[in-house]
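Colleague: Could you give me a close look at the helix packing here, together with a few single residues to help me find my way around? I'd be happy with one long answer that takes its time.

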Amino acid sequence: MTAHAQTLRPARARRSTALSGDIRIAGDKSISHRAFMFGGLARGETRITGLLEGEDVLNTGKAMAAMGATLRKEDDCWVINGTGNGCLLAPDGPLDFGNAGTGCRLTMGLVGVYDFDTTFVGDASLSRRPMGRVIDPLRLMGVQVTAQPGDRLPVTLRGPRVAAPIAYRVPMPSAQVKSAVLLAGLNTPGITSVIEPVMTRDHTEKMLQGFGAALDVETGPDGVRTIRLEGQGALTGQHIDVPGDPSSTAFPLVAALLADGSDVLIRNVLMNPTRTGLIQTLREMGGSIEVLDPRLAGGEDVADLRVRGSRLKGITVPPDRAPSMIDEYPVLAVASAFAEGETVMRGLDELRVKESDRLAAVARGLELNGVDCTEGEDWLSVRGRPDGKGLGNAKGEAVATHLDHRIAMSFLIMGLASQHPVTVDDCAIIATSFPEFMQLMGELGAAIEEV
Ligand code: S3P
């Protein structure tokens, strides 16, 4: 069990105006996990700058070290010496992924097909999350599984002597499932294919190609993608400069939209189209977000964002946009609480299986802070109060964050525009993805403090 189970640190946010500053957000979490994994697997040296040093990513680094990679930091650069594809070592003990679904599920694919036992453990949040979505395709490849009921952690995987390649249609829009199957394919003879009916973030495909994997992607006329990977090829170390995380950017961005008179510049944000749904949505709601200096960096689209305080209006968010903003719904729900009229968000079933049941956690938090909202099976509607009157919780009752970093950050942002303060029961969990959050928000002028 990792530390967060015991040490809750409550925090409170108060109404703040005119946030201003010029900031740079730490590296993208999805790309950082993959940089450690692929660098740890590839032959030779991988150098990574801009890595997110959040707890989730560092746990992935420890797992790669436990399987034979060496990792060290030279000034601002992480230097990894990988094992070579197919040459991971059996770890001495269980791999502890803490709070991280991405680290855990991708590593299950990466090492699950090896002919030795690997045990996966995590914190209370990760131990509640379904692993069947990754374990099921691994079973088809010949992996033996020991798991808790409902395919929950702790899980032990043991691969066959030679894994069988599969063609797998991903049943839910999940980059983690797609990636786990592809990574299992790296140590499997022949062609492993993944059929992806709805496109999700494509960092695994792009980065594996960068490391030299024989991987190609074909998109059908209906948008269905088929990704084919030839197993057992060589991967070679790379230089990776990790761009800023758009999912972390979402918090100061929404804060700047909501706090009257704000003008904030956020630099070096990843603008991969599989990640920009929130920016599109907030613009449709009337948010002033200027995309400056769009450019290519390390094969990814990157830009700076200038965000100004704006009056938002409610909209209906198309459900097919969900994969490109899946982690951003909690903070979008908070933005909607200050928009004129109603915002309707549909197609949210995947939110039920994140670090918490995010649909329920958001609805309870909004209700506790005076917001008129309705929670459906896979949708949420929010009726906003542009002036923030009556919002917040004057009694200081705290939102339950359920070990979910994005619930904690979203509700702290809510407090910046509410009449009364907003309190969350824990801010320690924020360190899993955005360790600089409190300091950075303070630098912008946001009144957020531990209580
Ligand atoms: C991620 C995929 C998404 C996302 C998570 C990161 C990734 O999860 O929510 O934060 O890096 O592949 P799902 O694959 O479960 O949608």
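Modeller: With pleasure. A strand, as I use the word, is a DSSP run of E with at least two residues, a helix is a run of H or I with at least four, and both are numbered from the N terminus. Please keep in mind throughout that this is a predicted model.

Let me begin with a residue in a strand. Thr-226 sits in strand S13, which spans residues 225-230. Buried means under 20% relative accessible area, and Thr-226, at 18%, therefore counts as buried. Beyond the residues up to four places away in sequence, Thr-226 touches Val-194, Ile-195, Asp-216, Val-217 and Glu-218.

A second threonine, Thr-192, belongs to strand S11, residues 191-196. Thr-192 has a relative accessible area of 0%, which makes it buried. Its contacts, leaving aside neighbours within four places in sequence, are Met-141, Pro-165, Ile-166, Val-181, Gly-185, Ile-227, Arg-228 and Leu-229.

Now to a helix pair. Two packed helices are described by the angle between their axes and the distance between the axes. Helix H6 covers residues 175-186 and helix H7 covers residues 203-210; their axes are 10 Å apart and the packing angle is about 25 degrees. Because angles under 35 degrees count as roughly parallel, H6 and H7 are described as roughly parallel to each other. From H6, the contact draws on Lys-178, Ser-179, Leu-182, Leu-183 and Leu-186, while H7 supplies Thr-204, Glu-205 and Leu-208. Sorted by class, these residues are four nonpolar, two polar and two charged.

Next comes a run of helices that you can follow from H8 through H9 to H10. Helix H8 takes in residues 246-258 and helix H9 residues 277-284; their axes come within 11 Å and cross at roughly 10 degrees. H8 and H9 are therefore roughly parallel to each other. On the H8 side, Ala-250, Leu-253, Val-254 and Leu-257 meet Leu-278, Ile-279 and Leu-282 on the H9 side. This contact of H8 with H9 has seven nonpolar residues, no polar ones and no charged ones.

H9 also packs with H10, at an angle of about 10 degrees and with the axes 11 Å apart. That makes H9 roughly parallel to H10. Here Leu-278, Thr-281 and Leu-282 of H9 meet Val-331, Leu-332 and Ala-335 of H10. The contact of H9 with H10 comprises five nonpolar residues, one polar and no charged. Leu-278 and Leu-282 thus appear in the contact of H9 with H8 and in the contact of H9 with H10.

H10 itself is mostly covered, with eight of its eight residues buried. Those residues are Tyr-329, Pro-330, Val-331, Leu-332, Ala-333, Val-334, Ala-335 and Ser-336.

The loop that leads into H10 deserves a stop too. Asp-327 lies in the loop between strand S18 (316-317) and helix H10 (329-336). An unreviewed UniProt entry carries the annotation "active site" at Asp-327. At 12% relative accessibility, Asp-327 counts as buried. Setting aside neighbours within four places in sequence, Asp-327 is in contact with Arg-201, Ser-247, Lys-354, Arg-358 and Arg-406. The unreviewed UniProt entry also places the feature "domain: Enolpyruvate transferase" at residues 15-439. Over residues 15-439 the chain is 29% helix and 26% strand, with 17 Å between the end C-alpha atoms.

Finally, two more aspartates in loops. Asp-123 lies in the loop between strand S7 (117-121) and helix H4 (124-128). With a relative accessible area of 1%, Asp-123 is buried. A polar atom of the Asp-123 side chain lies 2.9 Å from the backbone nitrogen of Leu-126. Asp-123 and Phe-97 are 26 residues apart along the chain, and their C-alpha atoms are separated by 7.7 Å.

Asp-75 is in the loop between strand S4 (70-74) and strand S5 (77-81). Asp-75 has 75% relative accessibility, which means that it counts as exposed. Its C-alpha atom is 9.7 Å from that of Thr-49, a residue 26 places away in sequence.

How values were computed. Residues are numbered from 1 along each chain as its sequence is written. This is a predicted model: local features need pLDDT of at least 70, side-chain atom pairs count only at pLDDT 80 or more; totals for chains, interfaces and linings use all residues. Side-chain values use heavy atoms; hydrogens and water are left out. Axes are lines fitted to C-alpha atoms, for helices over the stretch in contact, and angles run from 0 to 180 degrees between N-to-C directions. Angles under 35 degrees count as roughly parallel, over 145 as roughly antiparallel, 65 to 115 as roughly perpendicular and the rest as oblique. Contact means heavy atoms within 4.5 Å. Ala, Val, Leu, Ile, Met, Phe, Trp, Tyr, Cys and Pro count as nonpolar, Asp, Glu, Lys and Arg as charged, and the others, Gly among them, as polar. UniProt positions are given in the numbering used here, feature names are shortened, and annotations may be inferred rather than shown by experiment. Buried means under 20% relative accessible area, exposed over 50%, partly exposed in between (1.4 Å probe, protein chains only). A polar contact is a pair of N or O atoms within 3.5 Å; within protein, one must be able to donate a hydrogen and the other to accept it, and residues adjacent in sequence count only if both atoms are side-chain atoms.
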